[in-house]
Amino acid sequence: MFRNATAICLHLVGPLRGKKSGASLTRCLHQTLTMAKRLQARRLDGIDHSPWVEFVKLASEEADVVNFGEGFPDFSPPEFAVEAFQHAVSGDFMLNQYTKAFGYPPLTKILASFFGKLLGQEIDPLKNVLVTVGAYGALFTAFQALVDEGDEVIIVEPFFYCYEPMTLMAGGRPVFVSLKPSPIQKGEPDSSSNWQLDPMELASKFTSRTKAFILNTPNNPLGKVFSREELELVASLCQQHDVVCITDEVYQWLVFDGFQHISIASLPGMWERTLTIGSAGKTFSVTGWKVGWVLGPDRLMKHLRTVHQNSIDQCATQCQAAVAQSFKREQLHFGQPSSYFVQFPQYIQRCRDHMIQSLQSVGLRPVIPQGSYFLITDISDFKNKMPDLPGAANEPYDRRFVKWMIKNKGLMAIPVSTFISVPHQKFFDHYIRFCFVKGEHGQRVEWRKWKQQKQEEKKKWKDLKMTKKLERQRAQEEQAKRQHEEEAAAQSEERGLVHAVVSALCQDRVREDAPETLMSE
Amino acid sequence: MFRNATAICLHLVGPLRGKKSGASLTRCLHQTLTMAKRLQARRLDGIDHNPWVEFVKLASEEADVVNLGQGFPDFSPPEFAVEAFQHAVSGDFMLNQYTKAFGYPPLTKILASFFGKLLGQEIDPLKNVLVTVGAYGALFTAFQALVDEGDEVIIVEPFFDCYEPMTLMAGGRPVFVSLKPSPIQKGEPDSSSNWQLDPTELASKFTSRTKAFILNTPNNPLGKVFSREELELVASLCQQHDVVCITDEVYQWLVFDGFQHISIASLPGMWERTLTIGSAGKTFSVTGWKVGWVLGPDRLMKHLRTVHQNSIYHCATQCQAAVAQSFEREQLHFGQPSSYFVQFPQYIQRCRDHMIQSLQSVGLRPVIPQASYFLITDISDFKNKMPDLPGAANELYDRRFVKWMIKNKGLMAIPVSTFISVPHQKFFDHYIRFCFVKGEHGQRVEWRKWKQQKQEEKKKWKDLKMTKKLERQRAQEEQAKGQHEEEAAAQSEERGLVHAVVSALCQDRVREDAPETLMSE
């Protein structure tokens with residue numbers, strides 16, 4: 001059947017190569033039209049820029065930058081998890097092959113029994129559990145399954161940044177409601193529990209077009225753990241408006257100071273409308289394994305399974321086997337001092353406290369987090385002291401600050417405005433997010449350097465101030481002298497004006513550069 | 001700020017609980033409207049049914065079914081791959097954490113250098129390579145990035161089953177063109193090389209709305225390796241109509257009988273418009289690792305990166321490290337007898353040949369595949385012999401045959417109609433697909449049983465035929481006698497008619513049940 005393929009091929013290619021001079025007008029027109037064909041799908045509009053990529057790249061370009069930006073630990077996972085993985089890649093060789101599409105059976109089984117007890121809910125491993133490529137993959141699957149063209153999705157600000165593009169990619173419209181800090185006593189540290197939703201404002205966001213409410217507790221980047229009272233309000237609104245609650249609870253084990261994590265799916269009437277998302281990466285400090293899950297009622301889960309089987313179909317078998325074994329271990333130790341879910345938050349609370357002290361020692365004002373890997377810190381004092389950090393004209397201050405910090409302090413953090421919707425970013429441009437799940441050693445070195453620099457800077461800053469003062473005096477004297485000369489020479493007024501502007505500009509530039517050149521030494 | 005939350009909560013929940021008897025009509029109306037809210041996104045319409053799930057489930061319900069359906073090996077991966085994975089989970093503990101979003105750097109680097117040489121193309125690890133959750137995830141990412149509402153996607157039948165739902169989920173319209181077998185000499189085995197596209201028909205499928213052409217070489221389920229001539233025709237059509245070629249080449253190393261796999265991206269002018277998709281799972285016999293990749297020009301890849309960073313963001317780090325090390329090993333051994341890419345196809349060719357013989361020995365007529373994990377086999381002889389296998393009224397023959405085979409032969413295969421678009425399925429209802437990447441031992445047992453059964457069946461069939469003949473004779477005699485009596489009793493004609501129909505139906509039912517009851521012994 002391909003006998004005349006070459007002939008047809010030549011015939012078809014001819015016009016392209018310009019060999020056939022008699023190509024008709026229609027064909028030319030057709031080619032022009034096809035040249036203008038749009039390449040990418042419209043679902044990518046507005047989601048193609050990731051502000052993170054920029055900062056991660058910047059950090060990797062500079063030598064020896066400590067990455068306090070991205071949320072992963074820089075220490076080893078617990079022994080039992082490592083051993084579980086080693087076992088999975090050394091034992092039954094069939095673990096090198098596909099498993100069941102919706103989850104490796106021992107994993108779905110232990111997830112069902114483990115979370116069944118926590119949520120007070122009978123969970124069927126086949127109908128109520130889906131294993132995904134991390135919690136990130138779980139979120140994507142949920143958005144694609146449920147959010148349609150024109151659906152509204154309520155997102156609490158500041159939010160884990162992917163909720164917005166995932167809503168947009170599914171054709172939905174994000175509706176934002178902000179956590180706002182209550183005023184605090186002067187000198188007292190702020191706490192994430194102090195950041196709350198205004199109930200009236202929250203209720204006003206629910207409409208007949210609302211499809212889903214995205215809850216994130218403990219919240220990233222703030223570290224806020226939602227209280228039962230707060231969850232009850234969200235639950236009642238979801239029930240009243242027939243809204244699905246997608247709850248991202250990946251930091252559920254990382255809660256400090258005796259606060260309690262509560263799953264909204266455990267509240268009366270909520271299991272039926274809630275998708276609870278978890279992460280082995282955050283649970284066992286193994287973000288690189290990329291195993292996450294969704295728990296929920298079959299009426300929701302069946303649609304997630306449809307997306308799953310048409311997007312990735314399977315998750316890595318051995319990673320799942322290692323997570324299954326790790327959960328079995330934790331089930332045996334549950335609630336005991338030997339449990340990782342008991343030991344790990346204690347360790348991380350120390351890391352948190354250490355970072356809080358370090359931040360305070362260099363003049364930053366952290367908001368004490370109740371949970372999660374993260375805290376945000378207020379940088380408004382710096383904004384006042386050095387408002388003119390280099391950057392694009394309309395670049396929010398927090399981004400310019402982070403770039404400055406990467407370059408001059410060797411520390412990377414994430415600007416909080418990346419967790420805020422564009423219209424609200426101007427109110428949130430003076431916070432940056434640090435990840436404190438980093439070994440204390442790595443932290444200490446960098447912070448000590450900054451503290452030392454701070455002392456030196458203070459001195460230099462003083463010196464500079466003095467120098468500048470002298471310079472300014474001298475400049476004024478010279479200018480006065482020149483003006484005097486100019487007047488004496490009776491030169492044109494216009495030229496004098498130009499000169500004054502240029503001189504003012506020069507002075508401005510010196511001031512602008514100062515902090516940078518100073519700090520980089 | 002949550003001081004009056006409970007009050008509001010009660011107020012909001014009130015109407016739901018029916019405590020407030022004065023709920024206004026508007027609110028009631030509103031509730032009715034919200035109750036009717038559609039749950040799942042429209043993108044799931046028509047893709048929520050996976051025909052595979054049914055067969056996989058059926059196979060798992062029966063005891064001891066040999067799964068010759070799904071495409072994964074049942075033997076151990078090569079030693080060096082297992083060791084690479086063991087090394088990755090036992091060495092640097094930071095491999096337990098996230099790596100770069102678009103690929104673990106040593107992996108993107110080796111993929112760039114390895115495939116750069118094969119394709120004769122300079123490949124930039126950062127711009128031209130994306131690591132994905134298997135080739136399946138790569139395909140999904142490509143479809144989501146490029147296929148938009150109303151775009152046409154050309155798919156060659158029979159096709160790997162996910163191309164159609166992935167097109168639909170992205171809002172595209174699949175356009176099918178069939179590979180058709182040329183007539184063969186009677187008694188000669190058919191070959192996948194004998195299945196070809198009609199060039200004129202193929203050209204007619206390209207329109208100004210065509211966005212992408214999906215090429216799969218070596219093809220699944222047929223095992224066809226597209227020739228250079230065939231690829232040149234596809235290439236010229238893609239170029240003429242400004243169409244992106246998405247080429248799924250996961251079986252590229254599994255080519256038999258001296259045939260050559262050619263990547264369409266290596267043809268002149270094609271790199272710029274081709275996404276080449278590969279799979280570590282198929283390359284190193286580790287389907288459970290779920291590592292795949294896409295290679296292509298930056299102008300296409302940048303849109304895939306957008307989808308990737310908004311869908312899964314990272315792939316499992318250690319799986320990637322193991323694949324990187326396996327490729328490094330293969331690069332050293334490339335083209336030598338010690339290379340897995342040399343040894344593995346030789347081994348699999350023996351598995352193929354063994355399966356071909358087995359199939360022929362039980363009366364099936366396999367289409368000899370040039371490559372891949374699969375072959376399809378003609379079951380039309382069975383369709384003629386036992387046309388009335390149990391199943392739903394309009395259920396295609398190949399599906400009924402597979403169910404019968406699972407139940408009676410303990411062997412699972414996939415009906416080829418699941419690889420065919422619905423309008424064309426009736427022309428392709430007499431093929432089933434076998435995966436031959438199965439250790440010879442597992443295969444042999446089941447096939448021997450079937451062969452033995454076949455002998456016994458032949459005898460029983462003969463006996464049955466004889467019994468039936470006798471029964472029919474007796475029935476006829478009785479009927480004649482009855483009719484005689486009826487006539488004699490001058491009973492109504494109607495009753496006689498009813499009797500005849502019932503009797504005919506009974507005979508039919510006996511014939512329908514026969515093969516099943518016979519074979520199940």
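**Notebook: a helix crossing and two hollows**

I began with two helices of chain A, and I noted that the crossing of α6(A) and α11(A) is right-handed. I keep in mind that this is a predicted model.

**Entry 1: the helix pair**

I looked up where the two helices sit in the chain: α6 covers residues 134–146 of chain A, and α11 covers residues 298–309 of chain A. Their axes lie 8 Å apart, and the packing angle is about 110°. Angles of 65 to 115 degrees count as roughly perpendicular, so I wrote down α6(A) and α11(A) as roughly perpendicular to each other.

Which residues make the contact? From α6(A) I listed A:T141, A:A142, A:Q144 and A:A145. From α11(A) I listed A:H303, A:L304, A:V307 and A:H308. Sorting them by class, I got 4 nonpolar and 4 polar residues, with no charged residues in this contact.

**Entry 2: the largest cavity**

Next I went looking for enclosed space. Rolling a probe the size of a water molecule over the atoms shows where empty space is left. I found that the structure holds 9 cavities of 30 Å³ or more. I picked the largest cavity, which has about 350 Å³ of space.

I asked myself which residues lie nearest the centre of the largest cavity. They are A:Y136, A:F160, A:Y251, A:K282 and B:Y98, out of a lining of 25 residues. Two elements give two or more residues to this lining, namely α6 and α10 (280–283) of chain A. My helix from the first entry turned up again here: α6(A) supplies the largest share of the lining, 4 residues. By class, I noted 12 nonpolar, 8 polar and 5 charged residues around the largest cavity.

**Entry 3: the second largest pocket**

Then I turned to an open space. For the second largest pocket I noted a volume of about 940 Å³. Its lining is made of 30 residues, and those nearest the centre are A:V56, A:K57, A:S60, B:K100 and B:A101. I checked which elements give two or more residues to this lining, and they are α3 (51–61) of chain A together with α5 (105–119) and α11 (298–309) of chain B.

Which element gives the most to the lining of the second largest pocket? I found that α3(A) does, with 5 residues. I closed the entry with the classes: the pocket lining divides into 16 nonpolar, 6 polar and 8 charged residues.

**Last jotting**

For my next look, I will keep α6(A) in view, as it packs with α11(A) and also gives 4 residues to the lining of the largest cavity.

Definitions and conventions:
Residues are numbered from 1 along each chain as its sequence is written. Chains are lettered from A and ligands numbered from 1 in the order in which they are written. This is a predicted model: local features need pLDDT of at least 70, side-chain atom pairs count only at pLDDT 80 or more; totals for chains, interfaces and linings use all residues. Side-chain values use heavy atoms; hydrogens and water are left out. On a 1 Å grid over the protein atoms alone, a cavity is a set of points where a 1.4 Å probe fits but cannot get out, and a pocket is an open set with protein on both sides within 12 Å along at least five of seven lines; lining residues have an atom within 4 Å of a point. Grid points are joined across faces, edges and corners, and a volume is the space filled by probe spheres set on the points. Ala, Val, Leu, Ile, Met, Phe, Trp, Tyr, Cys and Pro count as nonpolar, Asp, Glu, Lys and Arg as charged, and the others, Gly among them, as polar. Axes are lines fitted to C-alpha atoms, for helices over the stretch in contact, and angles run from 0 to 180 degrees between N-to-C directions. Angles under 35 degrees count as roughly parallel, over 145 as roughly antiparallel, 65 to 115 as roughly perpendicular and the rest as oblique. A crossing is left-handed if the near helix is turned anticlockwise from the far one by less than a right angle, and right-handed if clockwise. Contact means heavy atoms within 4.5 Å.
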